[in-house]
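Thank you all for making time this morning. I would like to walk you through one structure, beginning with its sheet, going on to its charged pairs and ending with one of its helices.

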Amino acid sequence: MSKRDYMNTSVQEPPLDYSFKSIHVIQDLVSEEPRTGLRPLLQHPENLAWIDLSFNDLTSIDPVLTTFFNLSVLYLHGNSIHRLGEVNKLSVLPRLRSLTLHGNPIEEEKGYRQYVLCNLPRITTFDFSGITKADRTTAEVWKRMNIKPKKVRIKQDVL
């Protein structure tokens, strides 16, 4: 199934809840059952819209999460993610609207909220708080002050 087919699906699967499972890496999901009342692991991954991986021991954002093109809600709060740059991986998810990361070591980084909002401009809720126009403005100002634009180098031929 192509990326385009994933994005055109209208059926959404129920949330996949793996919160409080002491998961260290995404591969641990294979040996874990989701919390009660929900469906088995990745029965139709192309329809997956909501994953709850909160309160585990994840230290990074696994690239496999970026393959769920219909993902709109991702809970990663209460883990052990310590590199703010991990957030960049999620920028490829076209439908991601709600993200939680509070309770991770990255929350202590200066500019944490602004960094996330700059790198994930489509999200509308972050850490269970709605994104306002003022939040967007603050994030843009922060970006201009803290993120240096990439320089384009022009090679000159030496005679």
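Before we look at the sheet, let me say what pairing means here: two strands count as a pair if DSSP finds at least two bridges between them. Please also keep in mind throughout that this is a predicted model.

With that in hand, you can trace an open sheet of six strands, which runs in the order β1-β2-β3-β4-β5-β6 and whose pairing is mixed. At its edges lie β1, residues 16-17, and β6, residues 129-130, each of which pairs on one side only. As a general reminder, the strands of a sheet pair through backbone hydrogen bonds, and they do so either parallel or antiparallel. In the case of β1, the partner is β2, residues 50-52, and these two strands run in the parallel sense and are joined over two bridges. If you want to find this place on the screen, look for L16, whose bridge partner in β2 is I51.

Let me turn now to the charged side chains: how many salt bridges does the structure hold? There are three. In one of them, the side chains of E86 and R83 meet with 3.0 Å between N and O, and E86 also forms a salt bridge with K89, where the closest N and O atoms are 2.6 Å apart. Is E86 itself buried or exposed? E86 is buried, because its relative accessible area is 3% and the cut-off for buried is under 20%. K89, by comparison, counts as partly exposed at 29% relative accessibility.

Another salt bridge brings together the side chains of D135 and R113, at 3.4 Å from N to O. This pair links distant parts of the chain, since D135 sits in helix α3, residues 133-146, and R113 in helix α2, residues 112-119, 22 residues apart. R113 is partly exposed, with a relative accessible area of 23%. Going back to the other charged residues, R83, E86 and K89 are joined into one network by salt bridges that share partners.

Finally, let us stay with α2 for a moment, and ask which of its residues are buried. They are Y112, Y115, V116, L117 and C118. The buried residues of α2 pack against β4, residues 98-100, against β5, residues 125-126, and against α3.

Methods:
Residues are numbered from 1 along each chain as its sequence is written. This is a predicted model: local features need pLDDT of at least 70, side-chain atom pairs count only at pLDDT 80 or more; totals for chains, interfaces and linings use all residues. Side-chain values use heavy atoms; hydrogens and water are left out. Helices (H or I, at least four residues) and strands (E, at least two) are DSSP runs, numbered from the N terminus. A salt bridge is a side-chain nitrogen of Lys or Arg within 4 Å of a carboxyl oxygen of Asp or Glu. Buried means under 20% relative accessible area, exposed over 50%, partly exposed in between (1.4 Å probe, protein chains only). Contact means heavy atoms within 4.5 Å.
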